[in-house]
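Colleague: Please take a close look at one part of this model for me. I would like the pocket, and then whatever ties the chain together around it.

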Amino acid sequence: MTLSVPPTTPAAPAAPPATTTTATAAPPSTVPRHPDVLLDNPAWAALTGPHAHLAERVGRAARYPADISPFTALGDPADPGAWDDLARLLGPGTTAAVTGVQDVPEGWEVVESGTGVQLTDTALRAERAPEAVRLGPGDVPEALALVALTRPGPFRPRTVELGTYLGIRADGGRGPLIALAGERLRPPGWTEISAVCTHPDHRGRGLATRLVRAVAAGIRERGETPFLHTAASNAPAIRLYESIGFTLRRRTRFLLVRAPGTVPRGRD
C-alpha cells in the first residue's frame, strides 16, 4: 500500500512545546490482546507495545520518528481528544499518515487517501532462504533505491530498526540488491511483513515469495504470527499472498492528513 508521504515538515510556525513521552515514561498500553483489537489498530498496538521504545507520544496519540516510519496512531480514532493529542504531537500544519480512520475532525485536512487490505497467515509454509542476507545500516542506500524503483510502501533511512530485513543480491550474493522484505508493525503476538519488492529485471523467479517465507520463519520462531497489508487494487499481489497461505481479513483505509493550523488546548 503506497501513499505519497512527504517529509513531516510543518507548514506553519512550530507548535507550543508539548510533552513527548518515550517507552520509559509513557503510560502502559491499555490495548487488549484480542487479535481483532490489535489488528484493527496495529500501529497503536505496536507503538504502545513492542515498539514503545521507538514511540514519540502525547497522551492518546503516538508516532514513529520521521526517519523510521511516517505512521502515526490514535488510541481511539473516534475520540476527539486523541486527535487533539495528535495535533499537539505533530505541530500545526504538519502532514502525517494514519490508518484505520474513516473520518477526520473539523480542522483536519485529508491530503490523500487509499484503500488497502489486511491479510493474516493461516497456512503459510515458512522456511529459511539460504541465499537471503540480513540487511543493516550499510545496506540502506541500496534498499532505498530499490524501494524508490518498485514503490512497495514507505521506507525510511532507519526503517531497518523496526525488525529483521532480508535481501537477495544478484550474482550469488556478490552483486546489487535485487529483492527485499522485512518486518514493520509489531502488535503483541503479531508481526507485519512489509517492503516486499523485487527489481523489475529479476521478477518471475519467486524471489519475493522466498523472502516472505524467510521473514515469516523468523517471526514464527518468536511465537508470533505474520500478517501484511497491500493495496486493495493490487489484485496480483493479493492472489499471490492468498496462494501461499495468507487469508484476507479486512479492508482498511490509509490517510495522509494535515493537522490544523492552530494547536488545540488540552481537554480531559
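Modeller: Here is the largest pocket, followed by the salt bridges.

The model is predicted. Its largest pocket holds about 700 Å³ of space. The lining counts 33 residues, and Val 196, Cys 197, Asn 234, Ala 237 and Tyr 241 come closest to the centre. Four elements each give two or more residues to this lining: strand 9 (190-198), helix 5 (207-221), strand 10 (225-231) and helix 6 (235-243). Strand 9 gives the most, with seven residues. By class, the lining has 17 nonpolar, eleven polar and five charged residues.

Strand 9 also holds Thr 198. Thr 198 is buried, because its relative accessible area of 8% falls under 20%. Beyond its sequence neighbours, Thr 198 is in contact with residues including Leu 146, Ile 178, Arg 203 and Leu 207.

Now the salt bridges, 20 in the whole structure. Helix 5 takes part through Arg 220, which pairs with Asp 121 at 2.9 Å between the closest N and O atoms. Asp 121 lies in strand 5, so this pair ties together parts 99 residues apart in sequence. Asp 121 is buried at 11% relative accessibility, whereas Arg 220 is partly exposed at 35%.

Strand 5 has a second link: Glu 109 forms a salt bridge with Arg 258, which sits in strand 11, 149 residues away. Strand 11 also carries Arg 249, and its bridge to Asp 40 in helix 1 ties together parts 209 residues apart. The N to O distance there is 3.0 Å. Asp 40 and Arg 249 also belong to a salt-bridge network with Asp 36 and Arg 250.

How values were computed
Residues numbered from 1 in each chain as written. Predicted model: local features only at pLDDT ≥ 70, side-chain atom pairs only at ≥ 80, totals over all residues. Heavy atoms only, no water. 1 Å grid on protein atoms, 1.4 Å probe; cavity = no way out; pocket = protein on both sides within 12 Å on 5 of 7 lines; lining within 4 Å. Points joined across faces, edges and corners; volume = space filled by probe spheres on them. Nonpolar A, V, L, I, M, F, W, Y, C, P; charged D, E, K, R; others polar. Buried < 20%, exposed > 50% of the residue type's maximum accessible area, 1.4 Å probe, protein only. Contact = heavy atoms within 4.5 Å. Salt bridge = Lys/Arg side-chain N within 4 Å of Asp/Glu carboxyl O. Lists of a residue's contacts leave out its neighbours within four places in sequence.
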